[in-house]
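Colleague: Please take a close look at the annotated binding site. Walk me through its residues and then through whatever they lead to. Give cut-offs as you go.

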Amino acid sequence: MFVDLLIAGSMAQALIEVERKFVPGPDTEDRLQELGGTLEHRVTFRDSYYDTPELSLMRADYWLRQREGSGWELKCPGRPGVSGPHTEYVELIVESDIVAQLCEVLGTEVLGAGGVAAVLGPLKLQEVASFVTKRGAWKLVLSGAEEEEPPLRVDLDTADFGYTVGEIEALVHEEAEIPAALEKIHSLSSMLGVPVQEKAPAKLIVYLQRFRPQDYQHLLEVLSPSKKPQGTKAPDSSLG
């Protein structure tokens with residue numbers, strides 16, 4: 001099983017988000033209910049991704065997103081040397097941190113104290129993808145888990161261009177907790193009937209493949225094989 005490892009928030013105070021994407025079936029929500037899951041809410045939002053005309057950020061494995069109602073986020077490659085069947089990213093959500101990182105990646109002197117929107121023009125960043133997602137957010141505590149254990153979260157997303165993808169997520173505080181989180185995700189995946197080797201691409205990757213095929217091919221050329229879903233020719237699946 002391939003699982004993505006994301007470190008959310010600032011680098012100083014980080015939670016580790018262990019997740020797995022999968023393709024939901026027509027009975028996934030019914031199965032979640034049978035397992036004791038609770039539907040927390042349904043929400044609709046727009047994600048817009050920004051990059052240079054040459055896709056300088058994505059080609060370096062950096063992913064800049066503005067989510068409607070949530071603000072800006074930059075996913076950056078994680079620390080090297082972390083072994084295991086996952087990909088590690090650092091998620092920056094503080095705008096000053098995002099601006100500093102963008103300037104570093106693009107080889108530009110750090111620009112003023114303004115937010116991300118203020119540096120889009122100077123850094124030649126433009127919208128390269130934008131789509132609306134309808135999400136059903138579920139939470140579930142596996143049978144036999146201790147009472148104080150945080151629930152697993154399951155998001156079921158349908159993008160407005162006709163692609164549906166699910167994600168099982170566990171949050172932990174330390175890397176030592178990752179194996180247990182992986183086991184819980186594996187258990188729930190099995191209960192939902194997800195094939196062990198299945199690895200679903202992220203919404204952004206499918207969007208680029210369908211609507212910007214030349215850009216998609218350019219990404220395939222530069223991203224390492226470890227960043228591509230097993231059994232498909234696509235960049236990393238942790239995005240979007």
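Modeller: The unreviewed UniProt entry lists K21, R65, R67, K75, R135, E167 and K203 under "binding site". UniProt positions are given in the numbering used here, feature names are shortened, and annotations may be inferred rather than shown by experiment. The model is predicted, so local features need pLDDT of at least 70 and side-chain atom pairs count only at pLDDT 80 or more, while totals for chains, interfaces and linings use all residues. Residues are numbered from 1 along each chain as its sequence is written, and side-chain values use heavy atoms, with hydrogens and water left out.

Start with R67. This arginine sits in strand β4, residues 63-67. Helices (H or I, at least four residues) and strands (E, at least two) are DSSP runs, numbered from the N terminus. R67 has 13% relative accessibility and counts as buried. Buried means under 20% relative accessible area, exposed over 50%, and partly exposed in between, with a 1.4 Å probe and protein chains only. Setting aside neighbours within four places in sequence, R67 contacts F45, R46, D47 and R135. A contact here is heavy atoms within 4.5 Å. R67 also belongs to a salt-bridge network with D47, R65 and E73. A salt bridge is a side-chain nitrogen of Lys or Arg within 4 Å of a carboxyl oxygen of Asp or Glu. R65 is on the UniProt list as well.

Next comes R135, one of the contacts of R67. R135 forms a salt bridge with D157, at 2.7 Å from N to O. R135 is in strand β7 and D157 in strand β8, so the pair joins parts that are 22 residues apart in sequence. R135 is buried at 16% relative accessible area. D157 is buried too, at 3%.

K21 is another listed position. Its salt-bridge partner is E19, with the closest N and O atoms 3.2 Å apart. E19 is buried, with a relative accessible area of 1%. K21 counts as buried at 4%.

E19 leads on to E169. E169 lies in strand β9, residues 164-172. Beyond its neighbours within four places in sequence, E169 contacts E17, V18, E19, L152 and R153. E169 is buried yet has no salt bridge, and R153, the nearest side chain of opposite charge, is 5.2 Å away. For charge, Lys and Arg count as positive and Asp and Glu as negative, while His and the chain ends are not counted.

Strand β7 also carries aromatic residues. Y49 and F131 form a stacked pair, 6.2 Å centre to centre with 25° between the planes. Y49 lies in strand β3 (residues 38-51) and F131 in strand β7 (residues 126-140), so this pair ties together parts 82 residues apart in sequence. Rings of Phe, Tyr and Trp (its six-membered ring) pair if their centres lie within 6.5 Å; planes under 30 degrees apart count as stacked, over 60 as edge-to-face and the rest as tilted. Y49 is buried at 2% relative accessibility. F131 is buried at 0%. F131 also pairs with Y207: the ring centres are 5.6 Å apart and the planes are at 35°, so the pair is tilted. This pair links distant parts of the chain, with F131 in strand β7 and Y207 in helix α6 (residues 203-211), 76 residues apart. K203, from the UniProt list, has the number at which helix α6 starts. F131 and Y207 are both buried. Ring pairs link Y49, F131, F161, Y207 and F211 into a cluster.

Strand β3 has a charged link of its own. R42 and E29 meet in a salt bridge at 3.1 Å, N to O. R42 is in strand β3 and E29 in helix α1 (residues 28-34), 13 residues apart. R42 is exposed, with a relative accessible area of 53%. E29 is partly exposed at 26%.

P151 lies in the loop between β7 and β8 (152-159). At 28% relative accessibility, P151 counts as partly exposed. Its C-alpha atom is 5.9 Å from that of K139, 12 residues apart along the chain.

Last, the whole model. The protein has 7 helices and 9 strands. Of its 240 residues, 48% count as buried. The full search finds 14 salt bridges.
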